[in-house]
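Please open the model in your viewer and set the side chains to be displayed. The tour proceeds by selection, one stop after another.

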Amino acid sequence: MKVYPLWHISHQNEAGPDGVTIHLDDGGVFIDEQDGDDVKLLGVYSSEAAAEGRMRRARLLPGFVDEPDCFRIGEYDLDEDHWTEGFVRVPVPGVA
């Protein structure tokens, strides 16, 4: 099963020329937590489309509207051996 975490990076860095804030670089969204960037997990979604929908809505909100390109959608594979604490398997009749 895949899940899609949605992150937002609030930039406080002064890593650019003349102390300008860098939002994006060649690799995408620039992150430098040591320089004060604040990385927030906005949610974990079951599809990339759901994460993209949340990102579109978040771009309109205070705190995000000033940095509309500073989102990142990840992709993470869950398997049966992880994330099991707190979950219970419920057998489905007719399914092995």
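The stops below cover the salt bridges of this predicted model and then one of its helices.

**First stop: K2.** Select K2, which lies in strand β1 (residues 2-10). Its relative accessibility is 35%, so K2 counts as partly exposed, a class between under 20% and over 50%.

**Second stop: E75.** Add E75 to the selection. The side chains of K2 and E75 form a salt bridge, with N and O 3.2 Å apart. E75 sits in the loop between β5 (71-73) and β6 (76-77), so this pair ties together parts of the chain that are 73 residues apart in sequence.

**Third stop: D77.** Now select D77 as well. K2 also forms a salt bridge with D77, and here the closest N and O atoms are 2.8 Å apart. With K2 in strand β1 and D77 in strand β6, the pair links distant parts of the chain, 75 residues apart.

With the three residues displayed together, how many salt bridges are counted? The count comes to two, and K2, E75 and D77 are linked in a network of salt bridges.

**Fourth stop: helix α1.** Move to helix α1, residues 48-58. Which of its residues are buried? Colour A51, G53, R54, M55 and A58: these residues of α1 are buried. To see what covers them, display β1, β4 (38-45) and β5, which are included in that cover. Strand β1 is also where K2, the starting point of the tour, is located.

Terms used. Residues numbered from 1 in each chain as written. Predicted model: local features only at pLDDT ≥ 70, side-chain atom pairs only at ≥ 80, totals over all residues. Heavy atoms only, no water. Salt bridge = Lys/Arg side-chain N within 4 Å of Asp/Glu carboxyl O. Helix = DSSP H or I, 4+ residues; strand = E, 2+ residues; numbered from the N terminus. Buried < 20%, exposed > 50% of the residue type's maximum accessible area, 1.4 Å probe, protein only. Contact = heavy atoms within 4.5 Å.
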